[in-house]
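Work through the exercises below with the structure at hand. Each task is followed by a solution in steps.

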Amino acid sequence: METEDEPSSDNATIGMRPETRRQMMIKLLWISIWFAYLAAPAEDVLGDHHGPLADVLGGIGLVAFVSAYLALVFRHTSRALERSRVLAWLGVLMSLALVLSLTLGPSWLVLFVFVGISCGAVLPAKLARVAIPLVTGVLVAVGAGMPGSVGALIGALLIPALLGGFAMVGVRQMALTTRALREARATVAHLAANEERLRLARDLHDLLGHSLSLITLKSELAGRMLPDKPEQAAQQVADIERVSRQALVDVREAVSGYRRPTLEAELAGARTALAAAGIAVDLPGAAPDHPDLPPDEEGALAWALREAVTNVVRHSGARRCEVTLTESGDELCLTVTDNGRGPGGSPGNGLTGLTERLALADGRLETGQAPRGGFRLRAYVPLSRPVVAAGAGTEVERQV
């Protein structure tokens, strides 16, 4: 009969199962606040209102009622009970309230307040909205049939029975909503963790695939130069050391989440990798600094350039590679074309990860056979605002 919140080691969480003795005692203390209403039947049993047998039976009945009430509350909040069991427990409470009220007098009508509160706490909202007025009606009917003036007593119990019951309906709904929100938050956290793992896997693949390919090429060159050209071989070994150190830095930045490559840096790396592989490269000058290209979109194009060059070096068998940037409308297109073997089978992990990376920047990837044979990769990213071309429907192409 309580709302849920984050569990703690010291406090009994509302609406949650008590896990320690301390939590159980705190939960029992909170529930026992309602026991103030039992002062009237307790005084009726302890006072000189009935005979000894009636007092003993009344005491036993009161203890049985409180025990059934606590059992229903604790068991239902600890684990979801079947509706038949919930109705059975409520039937026990209702029966005890009826028997004790009819046999011992109006002081016991307060038990119907507990029955109404229990209905609001453990029944579904639709069923509780019917059960609570029904229990209150029984309270009025039983009290009206008693001798003496019980009108004031019934009036004092109607509001607690109705408002207490419907208040528990609201509290129960709040507890269910809180539980659903907690489960949704856990799901979101799980999805975020999976997305971060995918991001890290893409970054490591792109970083290490490019760097290790370059290290392999330079190692082969150094092996062919030995022992006839030791000075040139030493230069290749120095390049290998430089690339491996840069790869280590890139991996650390990727793991930390701060890695954002730039077109200028990737163009320099592409020139080195293609030259080491003996591939003629049409890559003069530095990358253009487009004023309308946001950093995230530039990073996506830089990753696309790295992945494309890596594939050219490792898989194409090409002798020539051309890289261009084409500005058209509100998009910037990076095109990497080679004259190698052309498209193979299904896309590998690199192109799949690149497609996902471009999608995060609202871009897209197109791959296929180049017009004159070979393979062509096109990566599109949006610019921050539409670019007005010199003439209607024209494209401004920059050779880089």
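Helices are DSSP runs of H or I of at least four residues, numbered from the N terminus. The model used here is predicted.

**Exercise 1.** Find the helix that holds D250 and decide whether D250 is buried or exposed.

Solution.
- Step 1: D250 sits in helix α8, which covers residues 230-256.
- Step 2: The cut-off for buried is under 20% relative accessible area.
- Step 3: D250 has 2% relative accessibility, so D250 counts as buried.
- Step 4: As a further check on its surroundings, take D203, which is 47 residues away along the chain; the C-alpha atoms of D250 and D203 are 9.2 Å apart.

**Exercise 2.** Place T335 in a strand and list the residues that T335 touches, leaving out residues up to four places away in sequence.

Solution.
- Step 1: T335 belongs to strand β3, residues 331-338.
- Step 2: With relative accessibility of 7%, T335 counts as buried.
- Step 3: Residues up to four places away in sequence are not counted, and T335 then touches E322, V323 and T324, as well as R376, L377 and R378.

**Exercise 3.** Determine how α9 and α10 are oriented to each other, then describe their contact.

Solution.
- Step 1: The axes of helix α9 (residues 263-276) and α10 cross at roughly 5° and come within 9 Å.
- Step 2: Angles under 35 degrees count as roughly parallel, and α9 and α10 are therefore roughly parallel to each other.
- Step 3: From α9, the contact includes L263, E266 and L267; from α10, it includes E298, L301 and A302.
- Step 4: Sorted by class, this contact of α9 with α10 has 11 nonpolar and 3 charged residues, with no polar ones.

**Exercise 4.** Do the same for α10 and α11: what is their orientation, and which residues meet?

Solution.
- Step 1: Helix α10 (residues 295-316) packs with helix α11 (residues 349-360) at an angle of about 170°, and their axes are 10 Å apart.
- Step 2: Angles over 145 degrees count as roughly antiparallel, so α10 and α11 are roughly antiparallel to each other.
- Step 3: The crossing of α10 past α11 is left-handed.
- Step 4: On the α10 side, A300, W303, A304, E307 and N311 take part, and they meet G350, L351, L354, R357 and L358 of α11.
- Step 5: The residues of this contact of α10 with α11 divide into 6 nonpolar, 2 polar and 2 charged.

**Exercise 5.** Summarise the chain as a whole: how many helices and strands are there, and what percentage of residues is buried?

Solution.
- Step 1: The chain has 11 helices and 6 strands.
- Step 2: Of its 400 residues, 42% are buried.

Key. Residues are numbered from 1 along each chain as its sequence is written. This is a predicted model: local features need pLDDT of at least 70, side-chain atom pairs count only at pLDDT 80 or more; totals for chains, interfaces and linings use all residues. Side-chain values use heavy atoms; hydrogens and water are left out. Helices (H or I, at least four residues) and strands (E, at least two) are DSSP runs, numbered from the N terminus. Buried means under 20% relative accessible area, exposed over 50%, partly exposed in between (1.4 Å probe, protein chains only). Contact means heavy atoms within 4.5 Å. Axes are lines fitted to C-alpha atoms, for helices over the stretch in contact, and angles run from 0 to 180 degrees between N-to-C directions. Angles under 35 degrees count as roughly parallel, over 145 as roughly antiparallel, 65 to 115 as roughly perpendicular and the rest as oblique. A crossing is left-handed if the near helix is turned anticlockwise from the far one by less than a right angle, and right-handed if clockwise. Ala, Val, Leu, Ile, Met, Phe, Trp, Tyr, Cys and Pro count as nonpolar, Asp, Glu, Lys and Arg as charged, and the others, Gly among them, as polar.
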